[in-house]
Structures are given as structure tokens and as C-alpha cells.
Amino acid sequence: MSEIKITDLSFAYKDQPNRLILKDINVEVEHGEFVCLLGPSGCGKSTFLRLLAGLEDPTGGTLEMNGKPLKGSSLDRSVVFQDYGLFPWMTAGENIMLALQQKYPKKPKKELKEVALNMMKEVGLDESVFKKLPKALSGGMKQRCAIARSLSIDPPILLMDEPFGALDAVTRAKLQDLLISLWNHEEEKKTVFFVTHDVDESMLLANRILVFGQSPSNIIYDKKIPEDLKITRETIFENSKILELRNELINHINRDVADHTTIGQNG
């Protein structure tokens, strides 16, 4: 059974019911897949992620998780946002502890703090960061804190909405490597949905890439990356098979943009 099954999914905001953002999306995702949602800005990738998070309700179609309707938010699905989503009046540690207290309300605070500190260490944050407010942290440190908060509650599904988009290139690369390492070394891999408009980022991170077309958007290309095709920073511009995949992804995006531009001009 697929962990996530989406059937004929459509979405429009209630104040614009005739303007579909997503239309007729059908996809099944197995447990432990790392799925990148790839496409140009404004094509509905983040909206799709919000539907998975239960932060929006579909206009049509169904979302199922393990055979049951997916409705409302849940600690089984944790979200990492581009803007970190940290409460500014709480310290980094308090932000992580808040999530832990929601997940484990009966556990002693001392035990939860130990979990928080261990997870901060996992993502490369010093123990001293626990008592610092978000305003005292760099962008990379804030995002590490947000990732630590999401991972600390050990959700089976991790939803990430362009989490590295606002970071400088060096910090972004470090956090990409961190995420790959954390996911690879889990005994039971989480199912990850990661929104990006960066083709190279999707190839470095994912073992499956879903390309979204122009609005009203659906999935125009679904590519599973073979296990024997190991993509790294060193091979992404050298291996001929990887270069072929990269060009394939770019061509699908560019062709879709060109088709919609032509439709707009003819209209």
C-alpha cells in the first residue's frame, strides 16, 4: 500500500473558485521516498505541500495517508518553511521544546530537553544556541533549528517548502549535505516532500522528482532516479547519464512554459 495516495486532486481558493491552482493531480508515493516537487515559481508546488500538511482543504479529489483520508494538520507530518517558522519571542531551545511537548505531553521536561539538545547536535548546532533568541542567529542557524524542531518529533513524513531558498550558496550546500546525511542514515527513512525550483538541488536530494507545470498545475513529468545512479556535487556535471537527466528535466519545464506562452499569445 502506498503511504500517500492522491486522486484527481484540484484546488482553488474560496474567494476565486473559478481559478484553479491545481487540477487533476494523481500520484502515489511509497514510504521512505525522497520526493522533490520541481517547477517554476508560482506553479502551485507550495500549495500542494500545504494540502499535504492539512493547512488547506482540496476543492476536489482525495488525499489518503495509509489508506485513510488525510484531513487537518498532524504531528505525523512536520513542516519546515523557507522563513524558518520560529517564534521570535522564544529561544531556539524553547521553539524545539514546544514541538516536543505537543508530541510527548506526559514526558518530563528534563527528558525532552535532552532530546532537543541531542537533535541540535545532530544538525550541527552548539549547545549554547539553546538559550539564544532567533534574532541572534544567522539564517543557516535558524534553518538548522527549524530542521531540528521538525526531526525531534520523529514524524514519518517531512514536508519542506524551499527551506534553503533564502540562504547563501555555501550555507545552502552545507544544509543540503546535512539533510542528505540525516535521511540516508536513518534506520527507517522518512518520506520527504521537498519543494524547489532548482533542478540541480532536486537531483542532489531526491530519489524521485515530480515536475509541476504552469497553473492550473498538474504533474507533467514523474522521474524515479535509479539507485545505481548516485548523484553528487562531483558527478552532477561530469556523468553523461546525469547530464542527460538534467537536460531532460530542464526541457520538460521549458517546453511547458513555452506551450503556455504560446497559448497566452494566441488567446
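Axes here are lines fitted to C-alpha atoms, for helices over the stretch in contact, and angles run from 0 to 180 degrees between N-to-C directions. Keep in mind that this is a predicted model.

**Exercise 1. Work out how helix 2 and helix 4 are oriented to each other, and list what meets at their contact.**

Solution.
- Step 1: get the geometry. Helix 2 covers residues 92-103, and its axis sits 8 Å from that of helix 4, at an angle of about 20 degrees.
- Step 2: apply the cut-off. Angles under 35 degrees count as roughly parallel, so helix 2 and helix 4 are roughly parallel to each other.
- Step 3: add the hand. The crossing of helix 2 and helix 4 is right-handed.
- Step 4: look at the residues. Helix 2 brings Ala 92, Asn 95, Ile 96, Ala 99 and Leu 100, while helix 4 answers with Cys 145, Ala 148, Arg 149 and Ser 152. Sorted by class, the contact of helix 2 with helix 4 has six nonpolar residues, two polar and one charged.

**Exercise 2. Do the same for helix 4 and helix 5: which residues meet, and how are the helices oriented?**

Solution.
- Step 1: find the pair. Helix 4 runs over residues 139-152 and helix 5 over residues 169-184; their axes come within 10 Å and cross at roughly 15 degrees.
- Step 2: name the orientation. That crossing angle makes helix 4 roughly parallel to helix 5.
- Step 3: check the hand. Helix 4 and helix 5 cross in a right-handed way.
- Step 4: go through the contact. From helix 4 come Gly 140, Gln 143, Arg 144 and Leu 151, and they meet Thr 171, Lys 174, Leu 175, Leu 178 and Leu 182 of helix 5. By class, the contact of helix 4 with helix 5 splits into four nonpolar, three polar and two charged residues.

**Exercise 3. Is Ser 217 buried or exposed, and what does its side chain reach?**

Solution.
- Step 1: place the residue. Ser 217 sits in the loop between strand 9 (208-212) and strand 10 (219-224).
- Step 2: use the accessibility. Ser 217 has a relative accessible area of 0%, so it is buried.
- Step 3: follow the side chain. The Ser 217 side chain reaches the backbone oxygen of Cys 43 at 3.1 Å.
- Step 4: list the company. Setting aside neighbours within four places in sequence, Ser 217 is in contact with Ile 21, Leu 22, Lys 23, Ile 25, Cys 43 and Phe 212.

**Exercise 4. Describe the surroundings of Leu 9.**

Solution.
- Step 1: locate Leu 9. It belongs to strand 1, residues 4-11.
- Step 2: judge its exposure. Leu 9 counts as buried because its relative accessibility is 0%.
- Step 3: look along the chain. Thr 59 is 50 residues away from Leu 9 in the chain, yet their C-alpha atoms are separated by 7.6 Å.
- Step 4: collect contacts. Not counting residues up to four places away in sequence, Leu 9 touches several residues, among them Leu 22, Lys 23, Asp 24 and Ile 25, as well as Phe 48, Leu 51 and Pro 58.

**Exercise 5. What is unusual about phi at Asp 8 and Asp 24?**

Solution.
- Step 1: recall the background. Most residues other than glycine have a negative phi.
- Step 2: take Asp 8. This strand 1 residue has a positive phi of about 50 degrees although it is not a glycine. With a relative accessible area of 43%, Asp 8 is partly exposed.
- Step 3: take Asp 24. Its place is in strand 2, residues 22-29, and its phi is positive too, near 55 degrees. Asp 24 counts as partly exposed at 42% relative accessibility.

Key. Residues numbered from 1 in each chain as written. Predicted model: local features only at pLDDT ≥ 70, side-chain atom pairs only at ≥ 80, totals over all residues. Heavy atoms only, no water. Helix = DSSP H or I, 4+ residues; strand = E, 2+ residues; numbered from the N terminus. Parallel < 35°, antiparallel > 145°, perpendicular 65-115°, else oblique. Left-handed = near helix turned anticlockwise from the far one by under 90°. Contact = heavy atoms within 4.5 Å. Nonpolar A, V, L, I, M, F, W, Y, C, P; charged D, E, K, R; others polar. Buried < 20%, exposed > 50% of the residue type's maximum accessible area, 1.4 Å probe, protein only. Polar contact = N/O pair within 3.5 Å; in protein donor to acceptor, adjacent residues only side chain to side chain.
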